[in-house]
Amino acid sequence: MLNTKWLETELEGASEGIAWEQFHENSKTGHYDLGLPTERVVEEMNSLYESLPYRNLPSIALPDSLAPIERGFSETMLGRVTPSVIRPVSMSLEKLRTILHMAYGVTRDNRDNPHIHRGFRSVPSGGALYPLELYFYHAGAIEGLPPGIFHYSPEANTLHQIVTGNYDEQLSRALVEFQRTLAKELSVTIFITGLFQRSIFKYRDKGYRFTLLEAGHVAQNINLSATALGLGVINLGGFHDRLVDDMLGIDGLNHSVLYLNGLCAGDVDGVRD
């Protein structure tokens, strides 16, 4: 077997912490790992929310229809780029609903399952546990929707407004320094968050890895659906996690932000990647 350990000592900064290595080792599946009995999995799934209910907040119904998409699959895939010029653009509630539905919406039912009556989503998910939640912020770009931070409920096709008003300054402070202007340049910022218990109760440490993988599936769906609708997408990993968690009102431990995707005008003058 090829020993690549020597490569690590040759790389600058390779000795600065090994948390990633410990996590990767701990999250590997072993031959003697025992899975939970089906009855226990069903019991736990039925005790967990399909998505956070926010029952104390009024629901905002999203359109039933999806925005028409005229671009073909190949054109959409090859046309996905990161715009080098970023500017906001107004969009309809129907377009927003389309992107959210394509990202993490319920696409088919699960009626044949005698135990779990949850619909399947637009992404693959370990054990169909769907540990993610979607939030978004806009300062007035979405027609017919007041500015603020919202939560998306896929199974009900509704929104809940978490807070009202302009949060450009808070979002700017939460981004790394060289990206802070994006807070006012983006039309909509989508936050992908993870409720880790939904996955780790069954898969232990690997459930956390599955949650991260699922966030990548959702982010790609956001990129492709927005591209197909003629919008641009900025994918953001440079943010201060705790500040974003505070914006969304989540605890940052059991439930924490994983990824940000910003929607903007789709006219591309050169690309960043």
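This report walks through a predicted model of one protein chain, from its overall make-up to a helix pair and a few single residues.

**The chain as a whole**

Let's begin with the broad picture. The protein chain has 273 residues, and 42% of them are buried. Its secondary structure consists of 10 helices and nine strands. If you consider contacts with a separation of 6 or more, 76% of them join residues 24 or more positions apart. On the outside, the accessible surface amounts to about 14,700 Å², and carbon and sulfur atoms account for 53% of that area.

**Helix 5 and its partner, helix 9**

A good place to look next is helix 5, which covers residues 93-104, together with helix 9, which covers residues 205-228. Their axes come within 8 Å and cross at roughly 145°. The crossing of these two helices is right-handed.

Which residues of helix 5 and helix 9 meet? From helix 5 come Ile99, Met102, Ala103 and Tyr104. On the helix 9 side you will find Glu214, Val218, Asn221, Ile222, Ser225 and Ala226. Sorted by class, this contact has seven nonpolar, two polar and one charged residues. A general point helps when viewing helices like these: an α-helix has 3.6 residues a turn, so residues three or four places apart point the same way.

Helix 5 also passes a simple check on its length. With 12 residues at 1.5 Å a residue, helix 5 should span 16 Å, and its end C-alpha atoms are indeed 16 Å apart. As for its surroundings, nine of the 12 residues of helix 5 are buried, so this helix is largely enclosed by the rest of the structure. The buried residues are Leu93, Leu96, Arg97, Thr98, Ile99, Leu100, His101, Ala103 and Tyr104. Among them, Ile99, Ala103 and Tyr104 also take part in the meeting with helix 9.

Gln220 lies in helix 9 too. Is Gln220 buried or partly exposed? Its relative accessible area is 35%, so Gln220 counts as partly exposed. The C-alpha atom of Gln220 is separated by 7.9 Å from that of Ala103, although the two residues are 117 apart along the chain.

**Two loop residues with positive phi**

Now for some backbone detail. Most residues other than glycine have a negative phi. Tyr54 is not a glycine, yet its phi is positive, at about 45°. You can find Tyr54 in the loop between helix 3 (38-47) and strand 1 (59-61). With a relative accessibility of 18%, Tyr54 counts as buried, because the cut-off for buried is under 20%.

Asn157 likewise has a positive phi, near 55°. The loop that holds Asn157 runs between strand 5 (148-153) and strand 6 (158-164). Asn157 is buried as well, and its relative accessible area is 12%.

**Ala174 and its contacts**

Ala174 belongs to helix 6, residues 168-174. Its relative accessible area is 0%, so Ala174 is buried. What is Ala174 in contact with, once its neighbours within four places in sequence are left aside? The answer is Phe239, His240, Leu243 and Val244. For His240, 66 residues away along the chain, the C-alpha separation from Ala174 is 5.1 Å.

**Two further helix residues**

His24 sits in helix 2, which spans residues 19-26. His24 is partly exposed, with a relative accessible area of 35%. Arg242 is in helix 10, residues 241-248. At 71% relative accessibility, Arg242 counts as exposed.

The table gathers C-alpha separations for residue pairs, with their distance along the chain.

| Residue pair | Apart along the chain | C-alpha separation |
|---|---|---|
| Gln220 and Ala103 | 117 residues | 7.9 Å |
| His24 and Lys206 | 182 residues | 8.6 Å |
| Arg242 and Leu253 | 11 residues | 9.6 Å |
| Ala174 and His240 | 66 residues | 5.1 Å |

Technical notes. Residues numbered from 1 in each chain as written. Predicted model: local features only at pLDDT ≥ 70, side-chain atom pairs only at ≥ 80, totals over all residues. Heavy atoms only, no water. Helix = DSSP H or I, 4+ residues; strand = E, 2+ residues; numbered from the N terminus. Buried < 20%, exposed > 50% of the residue type's maximum accessible area, 1.4 Å probe, protein only. Contact = heavy atoms within 4.5 Å. Areas by Shrake-Rupley, 256 points an atom, 1.4 Å probe, with all protein chains shown as cover. Axes fitted to C-alpha atoms, helices over the stretch in contact; angles between N-to-C directions. Left-handed = near helix turned anticlockwise from the far one by under 90°. Nonpolar A, V, L, I, M, F, W, Y, C, P; charged D, E, K, R; others polar. Expected span 1.5 Å × (residues − 1).
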